[in-house]
Amino acid sequence: MSKIINILITIDTDAVLKNYPNPSQNSASPTGIAHNMGYMVATGTTINSGQGTGDLSFTALVGDNVRAFATSGSDNFEDAVLLYGLPMFSGTQVLGPFNYQNFTKSTVVPNSTTSVLPAKIVDETFWFYQASVSTKGTEGYMVQFALYTRDQTTGQPVLKGYYAWDPTITVAG
């Protein structure tokens, strides 16, 4: 039976902004960042190594589906990241093409500004990139994301620039 493997990508936006203060303004040519500025956590699979690091190795079978989504360390409350691409750049084509998906479904939120419980049920739009596992091997790919910072006057998010990080996924199985 095929399974769904969820990969949460968290970007340390404080470190990215400190180390790469003048990023690319061209989404087709993002500024590369170091591996220690992005972290991956996977669920729905057996982790071989790399949980919580920039390189993740997990067990999957052909036909499994991988869903990837990203956030900043503040859950996009302060600085925000928007995942916009996951192209392969080296190794074996382990995953098929990533396709953007979005769904609206019910979820839970705090009941009010003063009380968390009982939870309130609301509709929310969730989105991610999804790809099918096509073969076993090791694939290097680019996590491409736009980074937004808060304007100090208006509090509105403004585009700082485009970045990329090149983690590796190893699929064994």
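Q: In which helix does Val 16 lie?
A: The model is predicted, so to read it one should know that local features need pLDDT of at least 70, that side-chain atom pairs count only at pLDDT 80 or more, and that totals for chains, interfaces and linings use all residues. Residues are numbered from 1 along each chain as its sequence is written, while side-chain values use heavy atoms, leaving out hydrogens and water. Helices (H or I, at least four residues) and strands (E, at least two) are DSSP runs numbered from the N terminus. On this basis Val 16 belongs to the run of residues 13-19, which is helix α1.

Q: Does Val 16 count as buried or exposed?
A: A residue is buried under 20% relative accessible area, exposed over 50%, and partly exposed in between, using a 1.4 Å probe and protein chains only. Val 16 has 0% relative accessibility, so the word that applies to it is buried.

Q: Which residues is Val 16 in contact with, leaving aside its neighbours within four places in sequence?
A: Contact means that heavy atoms lie within 4.5 Å. With the neighbours within four places set aside, the partners of Val 16 are Ile 11, Pro 21, Ile 33, Met 37, Leu 147 and Tyr 163.

Q: In which order do the four strands of the open sheet stand?
A: Two strands pair if DSSP finds at least two bridges between them, and the pairing in this open sheet is mixed. Within it, β12 (residues 143-150) and β13 (residues 157-165) run in the antiparallel sense and share eight bridges. At the edges stand β2 (31-32) and β7 (80-85), and each has a single partner strand, so one side of each is left without a neighbour in the sheet. The order is β2-β13-β12-β7.

Q: Which side chains of strand β14 point to one face and are buried?
A: Strand β14 (residues 168-172) has side chains that alternate, with Thr 168, Thr 170 and Ala 172 pointing to the other face and not buried. The buried side chains on the one face are those of Ile 169 and Val 171.

Q: Which strand gives the largest share of the largest nonpolar core?
A: A nonpolar core is a set of buried Ala, Val, Leu, Ile, Met, Phe, Trp, Tyr and Cys residues joined through side-chain atoms within 4.5 Å. The largest one has 34 residues, and Ile 7, Ile 9, Phe 58, Leu 86, Val 143 and Phe 145 have the most contacts inside it. The largest share, four residues, comes from residues 4-11, that is, from strand β1.

Q: What is omega of the cis peptide bond that joins Leu 117 and Pro 118?
A: Most residues other than glycine have a negative phi, and most peptide bonds are trans. Pro 118 lies in the loop between β9 and β10, and the bond that joins Leu 117 to this proline is cis, with omega about -5°.

Q: What is the phi of Asp 75?
A: Asp 75 is found in the loop between β6 and β7, where Asn 76 also lies. With a relative accessible area of 60%, Asp 75 is exposed, whereas Asn 76, at 27%, counts as partly exposed. Asn 76 has a positive phi near 65°. Although Asp 75 is not a glycine, its phi is positive too, at about 60°.
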